[in-house]
Amino acid sequence: MSDILQIFIWWLLVQLIGLLALPAAQWIFRWLPARGYAFAKPLGLLLVSYVLWLGASAGFLRNDLGGILAALAALAAFSAWALRREGGFEALRNNLRENRAMILAVEALFTLALIAWAALRAYATFKIAPAGGEKFMEMAFLNAVLNSPEFPPLDPWLSGYAISYYYFGYVMMAVLTRLSGAAPGVGFDLYDALLFALTLSGAFGIVYNLVKGQLEGGRSGSAISYGLLGAALVGVMGNLEGLLESLRARGLLSDGFLVWIDIPDLEQAVVSGSWAPDNGSWLWWWRASRVIQDYDLAGNALGVSPITEFPFFSFLLGDNHPHKLALPFVLLAIALAFNLLRRQLSLPPGEERAAWWNPLRAVFPGETALFLIYALCIGALGFLNTWDMPIYLGLATLAYGAGRWSQTRRLDMDLLKRSAALAVGLLLAGLLLYFYFYVGFSSQAGGILPYVFPPTRLPQYFVIFGVFVVILGGFLPLYLVRRSRDAQEPPLRPPLLKTWGAVVAACLGLFAVVLLLMGAVALAAQLAGRPLASEAMLQNALRGMSPGEALGVSLLTRLQNPWLFLTLTFLLALCLSGLALAVRGRRPGEDERTPAVPAPECASSSEVFSLLLVLCGLALTLSTEFVYLRDVFGVRMNTIFKFYYQGWVLLALASACALYWVSSAARPGIGVRVYQALCTLMIAAGMVYPAFGYFSRAEYFQSTPDLDGASSIASSNPDDWAAIEWLRAQLIPGEPPPVILEAPADQYASYNYEGRISTFTGMPTLLGWGGHQSQWRGNYEEPARREPEIEMIYTTADAGQALDLLLKWNVDYVIVGSPELQYIQEKCTLGSSPCSPTRAVQKFDQALEPVFRQGSVTIYQVP
């Protein structure tokens, strides 16, 4: 099947799923100006995948084509019910007719993005390879999901166990791969292109609805223009490291500047005299994902740099990792939060008289189905990328609280209790709806630790978020001045300064609480004779300092470098002050006995929600300066990664809305024009990275296009690929896949070629990449138990002993290829007991039947 035909089939399938889900989307998003058309595709894909997953987990569906068709039928039934609730086909046609321009823009953007990114994937080298990021792991998960007749899917790298990772995104990928009839490698690449298209169209939909929702302006032309800008800021623009790469290649960055900016490895970039950074190295674009350099308290660089990915980098790299798999559904959750805010504002004051503790009656009276949809969509984030669920549960709760505050003009205990009840209700329902996932899920997360090391430097933060800092740093004062004038309150009097002081105090207070709790837990553990595991991880970075000494040095480093903290807290103070004015519609400082000043005409739901996006985005990036989630790495690498990634999405959406507000509501003048020109320059600077990165990643479209991500393995290792195809032919539809044995990867040397057979067949092996198992499960106990017996099977000359172990572990096929021969050679040379590599291999011919031979690869069947 040609690549063009494959792209068309995927486009058509997603369109059909979107059309099936459209009536449901129109009903769910009925409070949005455009009624949810832009979110029908991700909503449909999520619902179909959920029904299939739930059915295959509970046993009433099979994970096969029939199960997918049953899930599609369930989606059609739900949409038919929603269609009746919304007035039938006539109402649907009227909604589509009213939003015709937006629909054309969404479809054009979706189609062009899908084609553009499919072209990149077809021409890109560095495909699914062991050293190509996490693609081996992701391909293994896709094949494991495709091969598992029921859920949870079998772990391809730990036979006898289910996958202990958030794998919902791979279920979605498998659904479309199976429906389209594509090979897994093709499905892998096309799903990457689909994610890019859904991300851009989802971001467009949010900003379009925010602009359309403004009381002033909001015409379709402006909404479409700023919707496209929002899509570009979220999914296309890069950080400013791309500009630095270009300047470095041109020779315009001095050595002194490189030392000052301190971006890891930037000084190694080649000065070529060209503006194009890839003249020195085609992997130059990788450095944009490692902008921050962390140090220990002695001033030594930590060995692991925080990950500073952003969406375009993720798409450029091509890993289908959970943070990227979740992106379209993150945007779906943001749209749901805005929808909830507008729904709350549409209710007459006093409508919610039910008990505060019951969110079904207090927040969603008479709309249990809508509550369940919210819980299902927000809960899906926990199954897609667990870090995202609390973030967007929080955003939805804030949206509801802001709507009720704006509706009642009261920030009281009743509002706080109702908001808390909504959060708890959605959390419990979201966990219950995905019960089958959580019941078997284990994680490496080990609590929250205080970040006591030197803070992030403002210049490095600016390289990452500089475009948004400039846009929002100009918008927030302009906004506050305008709203304060409307409320007859000078903006820079004590209320703003008090708010800034309160934000600073809250941050320091929370940090102190975390430090005290951490100290108390550590002391209790030490008194009980069980020192915390984190103590060993931290001691190396603390350089032997006592807790008191470390705290003193930590405070000193923060006093010497307070600029990021002061910048972010001041922006948060501006945001909170503006949000209070927008939500309350009364003068700050007045008590409730004073008649309310009518809300300014432009303090619309869109404005309130945009400020909530700013608030959440800034708070996420600031929080990493004080706490981080403890994992096997022992540093804040992943916390920066996950929080900055969502901060990018939130601040990008808010920035597009901020630029619209300035263009439509701010008083024109030289200051506004200078601000707009500066924002344009900053956006252009951010576009340097994608402008060079897209063509560099595609090798300037000089190679032969191939949409099969597995093609590089097939061409470079034809014997292995022939063995993979032979094993695939042994799979029986509807039956569990056979267990294989191949050479495992060393615990500390992942990202190598071991595990290649299980990766591309989906057949579980006794042990694949053990280092990843420790990350997924939080310990190395089971891999460590298996390693010596795998070594014994491969290295012993005793055929009977090897056969007994193979039967013990229920192995069906043994692989002997180049990695296995190298494994045997290394173990016989460096292992605990000497052995003969020749005799170790010969014993397989004595005890087992060879069922496949080609070149260096032999497959033996275990009787």
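Guide: Buried means under 20% relative accessible area, exposed means over 50%, and partly exposed is whatever lies in between, using a 1.4 Å probe on protein chains only. The model you're looking at is predicted: local features need pLDDT of at least 70, side-chain atom pairs count only at pLDDT 80 or more, and totals for chains, interfaces and linings use all residues. Residues are numbered from 1 along each chain as its sequence is written, and side-chain values use heavy atoms, leaving out hydrogens and water.

Visitor: Okay, is Cys835 buried, exposed or partly exposed?
Guide: Its relative accessible area is 27%. The in-between class runs from the 20% limit to the 50% limit, so Cys835 counts as partly exposed.

Visitor: Which cysteine is Cys835 joined to?
Guide: The rule is a pair of cysteine sulfur atoms within 2.5 Å, and by it the count comes to one disulfide. The S to S distance in that link is 1.8 Å, and the angle about the S-S bond is -110 degrees, making it left-handed. The partner is buried, at 9% relative accessible area. Cys835 is joined to Cys828.

Visitor: What is the relative accessibility of Cys679?
Guide: Cys507 is a buried cysteine too, with a relative accessible area of 14%. Cys679 also counts as buried, because its relative accessibility is 1%.

Visitor: Zooming out, how much of the chain is buried?
Guide: The chain has 36 helices and six strands (DSSP runs numbered from the N terminus: H or I of at least four residues for helices, E of at least two for strands). Of the contacts (heavy atoms within 4.5 Å) with a separation of 6 or more, 78% are between residues 24 or more positions apart. Of the 863 residues in the chain, the buried share is 59%.

Visitor: Take helix α9: how far apart are its end C-alpha atoms?
Guide: α9 covers residues 220-235, which is 16 residues. The expected span is 1.5 Å times one less than the number of residues, so α9 should span 22 Å. The model agrees, with the end C-alpha atoms apart by 22 Å.

Visitor: Which helices do the buried residues of α9 pack against?
Guide: The buried residues include Ala223, Ile224, Tyr226, Leu229 and Val234. The buried set of α9 packs against α5 (100-123), α8 (184-212), α12 (311-317), α20 (458-486), α26 (637-664) and α27 (670-686).

Visitor: How is α2 oriented relative to α16, parallel or perpendicular?
Guide: Axes here are lines fitted to C-alpha atoms, for helices over the stretch in contact, with angles from 0 to 180 degrees between N-to-C directions. The axes of α2 (residues 40-58) and α16 (residues 368-384) come within 11 Å and cross at roughly 80 degrees. Under 35 degrees would be roughly parallel, over 145 roughly antiparallel, 65 to 115 is roughly perpendicular and the rest is oblique. That makes the pair roughly perpendicular.

Visitor: And which residues of α16 make that contact?
Guide: On the α2 side, the contact uses Leu43, Leu46, Leu47, Tyr50 and Trp53. On the α16 side, the residues are Ile373, Leu376, Cys377, Ala380 and Phe383.

Visitor: Now the sheet: in what order do its four strands run?
Guide: Strands count as paired if DSSP finds at least two bridges between them. β3 and β4 are parallel over two bridges, β4 and β6 are antiparallel over four, and β5 and β6 are antiparallel over five. The sheet is open and its pairing mixed, with the order β3-β4-β6-β5.

Visitor: Which residue of β6 is the bridge partner of Val816?
Guide: Val816 sits in β4, where it is buried on one side along with Val814, while Tyr813 and Ile815 are buried on the other. Val814 is the bridge partner of Leu741. For Val816, the partner in β6 is Thr858.

Visitor: Which residue takes a positive phi in the hairpin of β5 and β6?
Guide: Across this pair, Arg853 stands opposite Thr858, and Phe852 has Ile859 as its bridge partner. The hairpin has two residues between the strands, and the one with a positive phi near 60 degrees is Gly855.

Visitor: Last one: is Glu625 buried or exposed?
Guide: Glu625 lies in the loop between α25 (605-623) and β2 (627-629). Not counting residues up to four places away in sequence, its contacts include Arg558, Arg636 and Tyr644. Its relative accessible area is 4%, so Glu625 is buried.
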